[in-house]
Amino acid sequence: MESLTTGVIADIVDGQHPENPVVQILTMKRIPNSSQERWRLLLSDGKWSNSFAMLATQLNPKVDSGAITNNSIIRMDRYVCNTVQENKKVLIILDLSVIMTGAEVGKKIGTPVTYDSSKIAAQQQEQPQQQYKAPASKVAPNMSSAGGNVARIPLAQHNALAKGSCVTKTPSGGNVHPIESLTPYQNRWTICARVTNKSTIRTWSNSRGEGKLFSMDLLDETGEIRATAFNNEVDKFYDMIEVDKVYFISSATLKTANKQYSNLNNEYEMSFNRTTEVTPCHEQTAIPTMQFNFVSLDQLESLQKDAILDVIGVCKETHDLSHVVMKSTGKELTKRDIQIVDTTAREVRLTLWGTQAETFDGSQQPVVAVKGVKLSDFNGRSLSVLSSSCVQINPDIQEAHMLKGWFDNGGNVAETVNLSGKGGQAGSIGGNFKLIAEAKQNTGTDQPEYFCAKGCIVMIRKENSMYTACPRDGCNKKVVDQGNGMYRCEKCDQTYDTFQWRIMLQACVADISDSQWISIFQDQAEQLLNTNANELGALRETNKDDFEKIMDAILFKNYNFKLRSKIETYNGENRWKASVMNLNPVDPQEHSRRLITEIKQLTGQA
DNA sequence: CCCCCCCC
Ligand SMILES: [Zn+2]
């Protein structure tokens, strides 16, 4: 039997940092109510056990793939141990090797007991806690990137690697904290982080005031976080902060991140305040220049519109520059559309703007990676680069080399599905057509299912089809009418002098097999009713007849629906619920073609 | 404390 490093858990809790300890995972628990996937591990060294360990999120795939399970014996190749709140210790595993799989071990080794935490408190006075362990040699891709510009990195350069190690001490001799350990409940901390992206200065003016701000993305070996500086802090820090450089940052305010605007892998974000200090770090570090959380292109079909994502693909087609005029301001913009493709045999349109559009060279069919791109439902699915996005051309990362290899060895001529190919009204809405009765059979999973159905709207609930919602964009929470012309949003904890109408329509859809009440929300309802929610809401108040006419106009017409279904539980009872993600009027030719294909398949002719 | 990110 493979041996554990007996007693090592006590050593770590007591502030030592033994090299490469070997421990057993007794149990793994996903931390609930966390917006990101995060695993807590109960570790044993055969003598002691403790549930203070968490897996760095970049190691999540090891759980998801089953590489580590209960009973696995692992070597912690890199880890950090920190004190959070009072005396609580948190150990984050940054790198591990599986020594024996859980299946091979098959049982708990020894009879470990929980290492006593009261002992920890006593130890803390005497023993300085140790922080990062310097890894033997960790290489980081040396890759430049910039918010406003396309970083051009030829693949040939791809072994220009910067060696470095973890920075463990702040300039004043204190301990460096991992980004991953930051919470709003923690006061004194200093991180050592690379700025991977930096915005320009923007000003704002609204009912709550006005000011200026800029934001940046920070990365260390454990995680990433967005930070924003306002007003005085803009003056103080904007010039000194440079993309790709590493800084010690201390004492900023942490708050819950709004995932609507960022996909950084952190449930918090940071605002600089009066006490925030930023000092350049001149030591060599092993912090990567960028961290991506890619989704493959085939996932775009089932992701929500407006989601912020990281994507990577080979540019198989580059369109010419074009100019568009903004509807709101009349300002002219330059844009360029490109098609990117990946190994899932999907391609999607990606729109670049401004300088990035102008300087893009697609002639060599480069790999394009974008961190923080916005998903839209235009022509089915398409992607648009934001000012906060980071675009990299031929980044020196494994995924890029793999994709280019695939593309140059047949991927370039592989048949692909164009996710952005649903031009205009008549377009199709994708595959996986089901009858309603068929779809309702799928009750064995609590995961959402996505499918298409052709159906006819036979009934709608016009009452309660609209509600007054918070005027703040993207909040959508129903407001409470204060009766004095003011409307309160509990979610924003704000009172506004206005609201916006939103639609939440229940429609009964029938096909040849069955019928089902489904939900149709704002965007899809506006498309279906051919109106906008605010106009429709006003109409409901002023002219009920016309309101009903607009509603009734959708009855007894056939649509192709893309639906999301899920089993939901009400008072212990399971219900099959579906909502519309996408819809189109049925194009008879296309419908017929689909039926012919299905008939051929059924009769074995296809 | 922002949260705009465009067009077809
Ligand atoms: Zn609100």
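Is C475 buried or exposed? C475 is buried, because its relative accessible area of 4% falls under the 20% cut-off. That cysteine is a good way into this predicted model, since C475 is one of the residues that hold the zinc ion. The other main topic here is DNA strand B, which has 25 residues around it.

**The zinc site**

- Four cysteine sulfurs coordinate the zinc ion: the SG atoms of C470, C475, C489 and C492, at 2.2 to 2.3 Å.
- Going along the chain, these donors follow the spacing C-x4-C-x13-C-x2-C.
- Within that set, C475 and C489 link distant parts of the chain, sitting 14 residues apart. C475 is in the loop between β26 (466-469) and β27 (480-481), while C489 belongs to strand β28 (residues 487-489).
- Why call the arrangement tetrahedral? The four donor atoms subtend angles of 106 to 112° around the zinc ion, and tetrahedral here requires all angles to lie between 85 and 135 degrees.
- C489 counts as buried too, because its relative accessibility is 0%.

**The small print on the β27-β28-β29 sheet**

- Three strands make up an open sheet, in the order β27-β28-β29, and the pairing is antiparallel.
- β27 and β29 (494-496) take the edges with a single partner strand each, so each has one side without a neighbour in the sheet.
- β28, the strand that carries C489, runs antiparallel to β29 and is joined to it by three bridges.
- One bridge pair to look up is Y487 with Y496, the latter in β29.

**Around DNA strand B**

- Among the 25 residues around DNA strand B, the ones that come nearest are K255, M326, K327, K335 and S387.
- The residues of this surface split into eleven nonpolar, nine charged and five polar.
- Five strands each supply at least two residues of the surface: β11 (202-206), β13 (224-230), β18 (308-325), β19 (332-341) and β20 (346-353). β11 gives the most, with three residues.
- On the DNA side, sugar or phosphate accounts for 39% of the strand B atoms within 4 Å of the protein, and the rest belong to bases.

**Polar contacts with the DNA**

- On the backbone of strand B, a polar side-chain atom of W204 lies 3.4 Å from a phosphate oxygen.
- R208 also has a side-chain N or O atom 3.4 Å from a phosphate oxygen of DNA strand B.
- S387 goes for a base instead: a backbone N or O atom of S387 is 2.7 Å from a base oxygen of DNA strand B.

Technical notes: Residues are numbered from 1 along each chain as its sequence is written. Chains are lettered from A and ligands numbered from 1 in the order in which they are written. This is a predicted model: local features need pLDDT of at least 70, side-chain atom pairs count only at pLDDT 80 or more; totals for chains, interfaces and linings use all residues. Side-chain values use heavy atoms; hydrogens and water are left out. A residue is near a molecule or strand if one of its heavy atoms lies within 4 Å of it. A polar contact is a pair of N or O atoms within 3.5 Å; within protein, one must be able to donate a hydrogen and the other to accept it, and residues adjacent in sequence count only if both atoms are side-chain atoms. Helices (H or I, at least four residues) and strands (E, at least two) are DSSP runs, numbered from the N terminus. Ala, Val, Leu, Ile, Met, Phe, Trp, Tyr, Cys and Pro count as nonpolar, Asp, Glu, Lys and Arg as charged, and the others, Gly among them, as polar. Donors are N, O and S atoms within 2.8 Å of the metal (3.2 Å for Na, K and Ca); water is not among the atoms, so sites may look incomplete. Four donors count as tetrahedral if all angles lie between 85 and 135 degrees; four count as square planar and six as octahedral if opposite donors are over 155 degrees apart and all others between 65 and 115; anything else is irregular. Buried means under 20% relative accessible area, exposed over 50%, partly exposed in between (1.4 Å probe, protein chains only). Two strands pair if DSSP finds at least two bridges between them.
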